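Welcome! Have the structure open beside you and work through the exercises below at your own pace.

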Amino acid sequence: MAWEDDLSSFERTSANRLPSQPSRLAYWLAHHWLLIISLLLAIFAGLPWLAPLFMELGWTRAASIVYWFYSTQCHQLPQRSFFLFGASPTYSLPAIQAAGPNTDNVLILRQFIGNSQMGWKVAWSDRMVAMYGSMLLWGLAFWPLRKRVRPLPWWGLVLLLLPLSIDGFTHLFSDLFSGISGGFRSDNAWLATLTDHVLPATFYAGDALGSFNSLMRLLSGLLFGLGMVWFLYPRFQAAASRFRERASASSL
């Protein structure tokens, strides 16, 4: 009958207009991509801080799992890491060697996680804390500015990643060729000469919080996070907006 044909045609048209389950998921992702990325970053950047908490609570097995997992992401050298629940947030290499492994061997030093007096090591280095922690913070700052921020060009990304590359590779070369306690990035004598020793000796030498090495790792990590967010997030936002527009147009 004619009314049955009309009803069948209406049902087919309505079915075509209703988004499929995968399309609904894609549409939801296009609306909430920043929330998803931020949650994943919060988990990834937050878990290393749970390792010292687990140690303090006596949950050594759980802490060992976290330390092991992040050992695949980071060198975990204790003199370049933060500590929780102890006398100081950071410790010099001599202090680490006096408390535990009295060696310059990187493979042994990275296994030192602390003790009840010094506190417990965060499961990755201060540089990694700055890199991924700043990505989370820069990403949250991007949201209210998302309609006004233009994507960073590739050369801008290179410039913002350059400090981290220089600082990281000079540390690597210094440690490889002169040892972890005797390289040119250990005492930074070159910097002391350039600045005519105007700053305290503790600024030039070592890795303690507030030293040149510590500040460069933190600053280069912050610039890394800014560069990645500024380069990627406006592009994600533009792609999500285009998808939503096409999805809305196709449903009309």
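Here are four exercises with worked solutions, based on a predicted model.

**Exercise 1. Find which residues lie closest to the centre of the largest pocket, and which elements line it.**

Step 1. Start with the space: the largest pocket holds about 450 Å³.
Step 2. Its lining has 18 residues, and His75, Arg80, Gly168, His171 and Leu172 are the closest to the centre.
Step 3. Two elements, helix H6 (126-142) and helix H7 (154-178), each give two or more residues to this lining. The largest share, eight residues, is from H7.
Step 4. Sort the lining by type: eight residues are nonpolar, six polar and four charged.

**Exercise 2. Work out whether Arg80 is buried or exposed, and which residues its side chain meets in salt bridges.**

Step 1. Arg80 has a relative accessibility of 7%, so Arg80 counts as buried, the cut-off being under 20%.
Step 2. One partner is Asp175, with 3.1 Å from N to O. Arg80 lies in the loop between helix H3 (60-71) and strand E1 (81-84) while Asp175 is in helix H7, so this bridge ties together parts 95 residues apart in sequence. Asp175 is buried too.
Step 3. Another partner is Asp207, at 3.7 Å from N to O. This pair spans 127 residues, with Asp207 in the loop between helix H10 (201-204) and H11. Asp207 counts as buried because its relative accessibility is 13%.

**Exercise 3. Describe the salt bridge between Asp167 and Arg127, then the network around Arg80.**

Step 1. The side chains of Asp167 and Arg127 come within 2.8 Å, N to O.
Step 2. Asp167 belongs to helix H7 and Arg127 to helix H6, 40 residues apart.
Step 3. Asp167 is buried at 5% relative accessible area, and Arg127 is buried at 12%.
Step 4. Now the network: shared salt-bridge partners join Arg80, Asp126, Asp175, Asp207 and Arg217.

**Exercise 4. How are the rings of Trp33 and Phe236 arranged?**

Step 1. The whole structure has 20 aromatic pairs.
Step 2. In the pair of Trp33 and Phe236, the ring centres are 5.7 Å apart and the planes meet at 75°, so the arrangement is edge-to-face; the cut-off for this class is over 60 degrees.
Step 3. Locate both partners: Trp33 is in helix H2 (residues 21-57) and Phe236 in helix H11 (residues 212-250), 203 residues apart.
Step 4. Check exposure: Trp33 is buried at 9% relative accessibility, whereas Phe236, at 35%, is partly exposed.

Methods: Residues are numbered from 1 along each chain as its sequence is written. This is a predicted model: local features need pLDDT of at least 70, side-chain atom pairs count only at pLDDT 80 or more; totals for chains, interfaces and linings use all residues. Side-chain values use heavy atoms; hydrogens and water are left out. On a 1 Å grid over the protein atoms alone, a cavity is a set of points where a 1.4 Å probe fits but cannot get out, and a pocket is an open set with protein on both sides within 12 Å along at least five of seven lines; lining residues have an atom within 4 Å of a point. Grid points are joined across faces, edges and corners, and a volume is the space filled by probe spheres set on the points. Helices (H or I, at least four residues) and strands (E, at least two) are DSSP runs, numbered from the N terminus. Ala, Val, Leu, Ile, Met, Phe, Trp, Tyr, Cys and Pro count as nonpolar, Asp, Glu, Lys and Arg as charged, and the others, Gly among them, as polar. Rings of Phe, Tyr and Trp (its six-membered ring) pair if their centres lie within 6.5 Å; planes under 30 degrees apart count as stacked, over 60 as edge-to-face and the rest as tilted. Buried means under 20% relative accessible area, exposed over 50%, partly exposed in between (1.4 Å probe, protein chains only). A salt bridge is a side-chain nitrogen of Lys or Arg within 4 Å of a carboxyl oxygen of Asp or Glu.
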